[in-house]
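Work through the exercises below with the sequence and the coordinates open beside you. Each task sentence is followed by a solution that goes step by step.

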Amino acid sequence: MFGRLGDLAGWRERDVAADTLSGLKEILTGLDAALGSALKGVGVQAAVDRAIVRGDTVLAPDAEVAFMPPMSGG
C-alpha cells in the first residue's frame with residue numbers, strides 16, 4: 001500500500017493469498033470496509049509484479065501487488 005492507502009490500512013505490506021486481483025480486493029474489503037471503498041476510488045491504480053494493470057488479472061502465488069492512490073502535483 002502506498003501513500004494514504006497505507007495510512008488507511010495501517011500497514012504497508014501484508015501477505016494475502018488470492019487468485020485474482022478482484023479476489024484480493026474482495027478479501028481486503030472483508031478485512032476493512034473503508035480500505036475496500038478506497039481501493040475502488042477513482043484514480044487508484046494497481047501494479048502486479050511492478051507493472052501497472054487495468055481491470056482484473058490472475059495472480060501467481062508469489063505475485064507482488066501494489067495499490068497506489070491518485071497522484072497530484074504540478
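The exercises treat the strands, then the salt bridges and then the pockets of this model, which is predicted.

**Exercise 1.** Work out how strand E1 (45-48) is paired with E3 and with strand E2 (residues 51-53).

*Solution.* Begin with E1 and E3, which run antiparallel and are joined by four bridges; within this pairing, Gln 45 has Met 68 of E3 as its bridge partner. Next take E1 and E2, whose pairing is also in the antiparallel sense, over three bridges, with Val 48 set against Ala 51 of E2. Finally, look at the connection: E1 and E2 form a hairpin with two residues between them, and Asp 49 in the turn has a positive phi of about 50 degrees.

**Exercise 2.** Find the salt bridges of the whole structure, and state for each partner whether it is buried, partly exposed or exposed.

*Solution.* The search finds two salt bridges. One of them joins the side chains of Asp 7 and Arg 12, at 2.7 Å from N to O. Asp 7, at 55% relative accessibility, counts as exposed, whereas Arg 12, at 44%, counts as partly exposed. Turn then to Glu 64 and Arg 50, which form a salt bridge whose closest N and O atoms are 3.6 Å apart. Because Glu 64 lies in the loop between E2 and E3 and Arg 50 in the loop between E1 and E2, the pair ties together parts that are 14 residues apart in sequence. Glu 64 is partly exposed, with a relative accessible area of 43%, while Arg 50 counts as exposed at 77% relative accessibility.

**Exercise 3.** Describe the largest pocket and the second largest pocket by volume, by lining and by residue class.

*Solution.* For the largest pocket, the space amounts to about 630 Å³. Its lining has 25 residues, of which Arg 14, Ala 63, Glu 64, Val 65 and Ala 66 are the closest to the centre. Helix H2 (21-31) and strand E3 (65-68) are the elements that give two or more residues to this lining, and E3 gives the most, with four residues. Sorted by class, the lining has 17 nonpolar and eight charged residues, with no polar ones.

For the second largest pocket, the volume is about 160 Å³, and the lining residues include Leu 21, Ser 22 and Lys 25 as well as Val 53, Arg 54, Gly 55 and Asp 56. Here the elements that contribute two or more residues are H2 and E1, and H2 gives the most, with three residues. The classes divide into five nonpolar, three polar and three charged residues.

Technical notes
Residues numbered from 1 in each chain as written. Predicted model: local features only at pLDDT ≥ 70, side-chain atom pairs only at ≥ 80, totals over all residues. Heavy atoms only, no water. 1 Å grid on protein atoms, 1.4 Å probe; cavity = no way out; pocket = protein on both sides within 12 Å on 5 of 7 lines; lining within 4 Å. Points joined across faces, edges and corners; volume = space filled by probe spheres on them. Nonpolar A, V, L, I, M, F, W, Y, C, P; charged D, E, K, R; others polar. Pairing = 2+ DSSP bridges. Salt bridge = Lys/Arg side-chain N within 4 Å of Asp/Glu carboxyl O. Buried < 20%, exposed > 50% of the residue type's maximum accessible area, 1.4 Å probe, protein only.
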